[in-house]
Amino acid sequence: MAKVTTDQIQTQTQTRQAPRLTSLSPGAGCACKLPLAKLEALFATMDGVPAMGPASGDLLIGAAEGDDAAVLRLDSERALVLTTDFFTPIVDDPFDWGRVAAANALSDVYAMGGRPLFAVNIAAWPGEGLDLAILGQVMRGGAEVAAQAGCFLAGGHTIDDPVPKYGLAVVGLADPGALMTIDRAAPGDQLILTKALGTGVVATALKRDGASPAAVTAAVASMTTLNAGAGQAALAAGVRAATDVTGFGLLGHLHRMLAASGAAARLNAAAVPLLPGAAELAAAGFSSGGTRANTDRMRGFVTLDDAIPAEVAVLLHDAQTSGGLLLAAPPDQAAALACVLRAQGLPAALIGEVVAGKVGRIEVSHGPF
């Protein structure tokens with residue numbers, strides 16, 4: 001029989017006595033992001049502020065580009081990638097929350113074609129009423145995933161806050177001549193999604209005691225899977241346009257890619273991979289406020305085939321946490337790349353194509369187009 005240490009007993013007791021983490025915030029994971037429409041309005045007020053303008057010189061990617069991370073060129077072969085991401089509890093297990101948050105923060109580096117070098121913790125925690133030992137478990141989860149990524153985790157910053165939050169600020173390294181960016185999708189490119197959708201509805205159902213253990217386990221397994229292998233395979237296949245799918249949902253992030261690239265897209269809803277139980281939970285009404293905001297924002301840009309089931313339409317807008325990469329792959333490489341990704345154990349799928357058309361528009365069919 002495995003020996004149980006005193007520390008493990010104390011941690012288990014403290015966790016059992018603590019309130020459910022997902023009950024401490026109205027939002028969960030990336031669904032707690034400000035809605036895209038409000039962020040767009042905010043950045044419109046920053047027009048003319050030099051630091052928020054287009055990148056220039058050695059700053060290759062800045063605020064105006066709307067990409068996954070900032071990129072600063074060091075020399076002809078090296079560029080620093082900088083990102084930060086944190087959010088409220090997505091699951092009740094503190095260790096798993098830390099793992100998910102770390103994987104989510106690291107994903108922005110992978111989406112740019114980089115590899116993480118080092119990171120620092122970002123944490124907000126109630127100074128009274130919620131044991132700091134629980135935060136310790138959150139940080140242990142983050143440290144485990146950072147170690148898996150080969151990323152040093154060095155200190156961080158904490159504040160007293162009634163709503164707990166956790167994440168990382170990450171610095172990575174990339175080749176400035178081989179960056180994957182949001183604005184390089186071209187007509188003819190095939191769209192590949194590397195992870196299944198549904199983390200938002202599962203998290204919402206968990207908060208409302210409606211998610212099965214199997215659905216939660218599958219969602220956590222997806223959210224803690226690093227996008228490292230997917231990013232490396234995409235670079236090797238010549239992909240130059242990518243983003244990761246998080247709080248704005250698949251359609252929201254695809255729209256941002258298309259708007260930046262001056263293109264449109266056609267999507268096959270039947271080809272989009274879904275997490276186990278996600279469709280049933282969406283049909284049961286477990287939709288987050290973030291997902292509803294995504295649906296409202298995309299209404300003027302997305303045309304949905306009437307044959308698409310209502311629950312699938314919800315999942316196409318579902319606010320994801322630590323989702324997969326959305327890749328615009330060269331047509332002669334797309335099928336082979338999808339096979340490579342599936343060989344890594346990812347549910348990667350060819351879900352559509354970039355086309356010429358009204359910028360930012362997405363036509364979604366329920367079958368091959």
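Which residue just after α5 takes a positive phi? That would be D209, with a phi of about 60°. Keep in mind that this is a predicted model. The protein has 369 residues, and 51% of them are buried. Here's a quick run through the fold, two of its helices, a pocket and a handful of residues worth clicking on.

**The overall picture**

- You're looking at 12 helices and 13 strands.
- If you take the contacts with a sequence separation of 6 or more, 85% of them link residues 24 or more positions apart.
- The accessible surface adds up to about 15500 Å², and carbon and sulfur atoms own 58% of that.
- Disulfides are quick to list, as there are 0 in the structure.
- On the cysteine side, C151 sits at a relative accessible area of 6%, which means it is buried, while C339 is partly exposed at 45%.

**Helix α5 and the loop after it**

- Helix α5 spans residues 199–207, and because 8 of those 9 residues are buried, the rest of the structure largely encloses it.
- The buried ones are T199, G200, V201, V202, A203, T204, A205 and L206.
- Their cover includes α6 (213–223), α9 (278–283) and α11 (310–317).
- D209, back from the opening question, belongs to the loop between α5 and α6.
- D209 isn't a glycine, yet its phi is positive all the same, at about 60°.
- With a relative accessible area of 63%, D209 clears the 50% cut-off, so it is exposed.

**Helix α7 and the second largest pocket**

- A228, A230, G231, A233 and A234 are buried in α7.
- The elements covering those buried α7 residues include α3, β11 (325–329) and α12 (334–343).
- After α7 comes G238, and its phi is positive too, near 85°.
- The second largest pocket has a volume of about 170 Å³.
- Its lining is made of Y110, G113, G114, R115, P116, A149, G150, L173, A228, G231, Q232 and L235.
- Two elements put at least two residues each into that lining: β4 (115–125) and α7 (228–236).
- The top contributor to the lining is α7, with 4 residues.
- By chemistry, the lining of this pocket splits into 6 nonpolar, 5 polar and 1 charged.
- A228 and G231 turn up twice in this story, since they belong to the pocket lining and are also among the buried residues of α7.

**Another positive phi, this time out of sight**

- S322 is a residue other than glycine with a positive phi, near 50°.
- You'll find S322 in the loop between α11 and β11.
- At 1% relative accessibility S322 is under the 20% cut-off, so it counts as buried.
- Put next to each other, the loop residue D209 is exposed, whereas the loop residue S322 is buried.

**Three residues to click on**

- D96 is part of helix α3, which covers residues 94–111.
- D96 has a relative accessible area of 18%, under the 20% cut-off, so this aspartate counts as buried.
- Leaving out residues up to four places away in sequence, D96 touches V91 and V220.
- H317 lies in helix α11, one of the elements covering the buried residues of α5.
- H317 is buried, with 6% relative accessibility.
- Leaving out sequence neighbours up to four places away, H317 is in touch with F248, G249, L251, T291, N294, T295, M298 and L304.
- L350 comes from strand β12, residues 349–355.
- L350 is partly exposed, at a relative accessible area of 36%.
- Once residues up to four places away in sequence are set aside, the contacts of L350 are Q190, L191, I192, A271, A334, A335 and A338.
- For a spacing check, the C-alpha atoms of L350 and L327 are 9.5 Å apart, with their positions 23 residues apart along the chain.

Terms used: Residues are numbered from 1 along each chain as its sequence is written. This is a predicted model: local features need pLDDT of at least 70, side-chain atom pairs count only at pLDDT 80 or more; totals for chains, interfaces and linings use all residues. Side-chain values use heavy atoms; hydrogens and water are left out. On a 1 Å grid over the protein atoms alone, a cavity is a set of points where a 1.4 Å probe fits but cannot get out, and a pocket is an open set with protein on both sides within 12 Å along at least five of seven lines; lining residues have an atom within 4 Å of a point. Grid points are joined across faces, edges and corners, and a volume is the space filled by probe spheres set on the points. Ala, Val, Leu, Ile, Met, Phe, Trp, Tyr, Cys and Pro count as nonpolar, Asp, Glu, Lys and Arg as charged, and the others, Gly among them, as polar. Buried means under 20% relative accessible area, exposed over 50%, partly exposed in between (1.4 Å probe, protein chains only). Contact means heavy atoms within 4.5 Å. A disulfide is a pair of cysteine sulfur atoms within 2.5 Å. Accessible areas come from the Shrake-Rupley method with a 1.4 Å probe; for residues, only the protein chains shown count as cover.
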